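Ready for a little practice in reading a structure? Have a look at the model below, then work through the exercises at your own pace.

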Amino acid sequence: MSFLSMTRNIAENLFKGPSTRRYPKEKREYGLKSRGMIGIDIEACIFCGLCSRRCPTGALTVRKDQKEWEIDRLRCVFCGYCVEVCPKKCLAMANHYSPCVTERAAAVHLERQALRDAADAPAEGKE
Ligand code: SF4
Ligand code: SF4
């Protein structure tokens with residue numbers, strides 16, 4: 001490296017600022033189409049189980065009788081297949097990732113549908 005190019009390099013580095021980000025103070029802005037955390041509009045879900053049957057990593061569990069949908073975020077590989085196959089289009093990928101966890105159990109996220117069906121159903125004996 002010649003003296004001239006070395007001086008230019010030093011001058012550039014003096015004024016350019018750091019190449020790295022000061023995380024967590026400075027967070028990365030992800031693109032709008034980034035494949036991130038899977039979310040669900042649980043009220044629109046019909047608990048058909050298609051997402052869990054098609055998930056290649058077994059990250060999803062659907063319990064129709066309990067009206068529950070569960071995701072193990074540490075198993076998800078962000079393939080987006082569940083979002084694609086959902087007949088109600090109630091799954092979506094956010095453009096950011098889920099928060100870090102220190103225990104495996106903390107990565108399991110459960111959503112339960114409100115028991116509105118029971119409230120909406122006609123009272124016993126009435127039709
Ligand atoms: S595929 Fe969609 S509607 Fe079916 S259980 Fe999964 S999230 Fe619910
Ligand atoms: S994005 Fe892929 S790996 Fe993640 S829950 Fe959906 S189907 Fe499973």
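Here are three short exercises on this predicted model, each with a worked solution.

**Exercise 1.** Find which residues surround ligand 2 and sort them by class.

*Solution.* Start by collecting residues with a heavy atom within 4 Å of the ligand. For ligand 2 this gives Ile38, Pro56, Thr57, Leu60, Val77, Phe78 and Gly80, together with the cysteines Cys55, Cys76, Cys79 and Cys82. Next, sort the shell: 9 residues are nonpolar and 2 are polar, while no charged residues appear. Cysteine counts as nonpolar in this scheme and glycine as polar.

**Exercise 2.** Describe the largest pocket and the second largest pocket by volume and lining.

*Solution.* Take the largest pocket to begin with: it holds about 220 Å³ of space. Its lining consists of Tyr23, Lys27, Arg28, Tyr30, Tyr97, Ser98, Pro99 and Cys100. By class, that lining splits into 5 nonpolar, 1 polar and 2 charged residues.

Now turn to the second largest pocket, with about 170 Å³ of space. It is lined by 13 residues, and Arg73, Ser98, Pro99, Val101 and Ala107 are the closest to its centre. Its lining has 10 nonpolar, 2 polar and 1 charged residues.

**Exercise 3.** Compare the span of helix α1 with the expected value, then check what follows the helix.

*Solution.* Helix α1 covers residues 3–16, which is 14 residues. From first C-alpha to last, α1 reaches 20 Å, close to the 20 Å expected at 1.5 Å a residue. Just after α1 comes glycine 17, with a positive phi of about 85°.

Technical notes
Residues numbered from 1 in each chain as written. Chains lettered and ligands numbered in written order. Predicted model: local features only at pLDDT ≥ 70, side-chain atom pairs only at ≥ 80, totals over all residues. Heavy atoms only, no water. 1 Å grid on protein atoms, 1.4 Å probe; cavity = no way out; pocket = protein on both sides within 12 Å on 5 of 7 lines; lining within 4 Å. Points joined across faces, edges and corners; volume = space filled by probe spheres on them. Helix = DSSP H or I, 4+ residues; strand = E, 2+ residues; numbered from the N terminus. Expected span 1.5 Å × (residues − 1).
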